[in-house]
Amino acid sequence: MKIASWNVNSIKARLPNVIEWLNAAAPDVLCMQEIKTVDEGFPADAFEDLGYNVAVHGQKTYNGVAILSKYPLDDITSGLPGDDEDEQARYLEAVVMPDGAPVRVASIYLPNGNPVPGPKYDYKLAWMARLIAHAKTLLAYEDSLVLAGDYNVIPTPEDVHDPKAWEGDALFRPETHAHYRTLVNLGFTDAFRARVTQPHRYTFWDYQRGAWQKDHGIRIDHLLLSPQAADRLGDCEIDSQVRAKPKPSDHVPIWCEIAS
DNA sequence: ATGACCACATCTTGTGGA
């Protein structure tokens with residue numbers, strides 16, 4: 001099963017790009033982030049026409065996540081558990097059954113957290129703490145689990161063009177790294193790093209300052225695998241060339257294969 | 001040339017993104 005994650009930065013602005021990529025890459029599952037629309041505004045028909053089932057957790061203007069799947073989507077959870085007051089649509093989870101064995105998939109849009117310090121950074125760290133707590137629950141199921149999404153975390157200095165320029169940023173701060181390591185150390189495998197050791201491979205290039213042309217990027221979109229999924233990991237790649245298309249998102253898709 | 005983006009809202013400018 002091929003599973004992908006892509007922060008599309010508005011599904012309405014990006015629909016042609018997303019359809020073109022789906023036709024070329026043919027993932028079985030696509031987790032999308034920053035769809036920037038309510039559920040009713042999501043172009044589900046366009047994806048159903050391509051053979052996908054659709055689950056959406058939308059929000060007006062900001063955030064919003066979705067999952068497309070060639071297989072039916074069951075046991076759907078909308079919103080990250082742990083805070084009933086949290087209105088932001090940043091988490092959607094579902095179970096797919098490609099061949100009799102369940103694969104649980106989550107589409108994650110982790111808060112950016114800038115500026116630091118401030119309430120946005122406090123929210124980021126609190127959100128990460130909730131994700132850690134929920135991930136513990138999910139790992140206890142001992143099924144294949146893929147936490148896919150835009151983590152807004154640059155894991156190491158090798159994952160950014162100019163580490164010095166990012167010192168103190170919410171994506172690269174020590175507290176951010178500590179939370180991210182706590183999550184990974186629950187037993188997850190970073191699918192990309194399990195397959196590609198080459199440094200300076202990125203999933204995001206800013207629209208500004210010619211970042212794409214200069215390859216000034218950051219690696220912040222990640223596929224975290226439970227042990228059961230990691231045991232079945234095949235290829236993992238970043239489809240960087242998507243960034244060179246007309247009207248691109250500032251993020252590109254990352255995908256991996258999970259064998260049956 | 002030391003700058004340069006993009007998407008959304010009900011808008012001609014501010015906010016948010018990373």
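At which residue does helix H1 bend, and by about how many degrees? Keep that one in mind, everybody, while I show you around. Please remember that this is a predicted model.

Let's start with the sheet. It is an open one with six strands, in the order S3-S4-S2-S1-S14-S13, and the pairing is mixed. At the edges sit strand S3, residues 53-57, and strand S13, residues 233-238, each of which pairs on one side only. On average, neighbouring strands here are turned by 10 degrees against each other, if you ignore direction.

Now look at one pair inside that sheet. Strand S1, residues 2-7, runs parallel to strand S2, residues 29-33, and five bridges join them. If you want a spot to click on, find Ala4, which stands opposite Leu30 in S2.

Back to the helix and my opening question. H1 bends at Asn17, by about 35 degrees. You can also see something in its length: H1 covers residues 11-25, and a straight helix of 15 residues would span 21 Å, yet the end C-alpha atoms of H1 span only 18 Å. Its buried residues are Ile11, Arg14, Val18, Trp21 and Leu22, and S2 is among the elements that cover them. Right after H1 comes Ala26, with a positive phi near 50 degrees.

Last stop, the largest nonpolar core. It has 74 residues, and those touching the most other members are Ile3, Val29, Ala66, Ile67, Val105, Val146 and Leu223. Take Leu223: leaving out residues up to four places away in sequence, its contacts include Ser5, Val146, Phe192 and Cys256.

Thanks for listening, and I'm happy to take questions!

Conventions. Residues numbered from 1 in each chain as written. Chains lettered and ligands numbered in written order. Predicted model: local features only at pLDDT ≥ 70, side-chain atom pairs only at ≥ 80, totals over all residues. Pairing = 2+ DSSP bridges. Helix = DSSP H or I, 4+ residues; strand = E, 2+ residues; numbered from the N terminus. Axes fitted to C-alpha atoms, helices over the stretch in contact; angles between N-to-C directions. Core = buried A, V, L, I, M, F, W, Y, C linked by C-beta atoms within 7 Å. Buried ≥ 20, exposed ≤ 12 C-beta atoms within 10 Å, placed from the backbone. Contact = placed C-beta atoms within 7 Å. Expected span 1.5 Å × (residues − 1). Bend = angle between axes of the 7 residues up to and from the residue.
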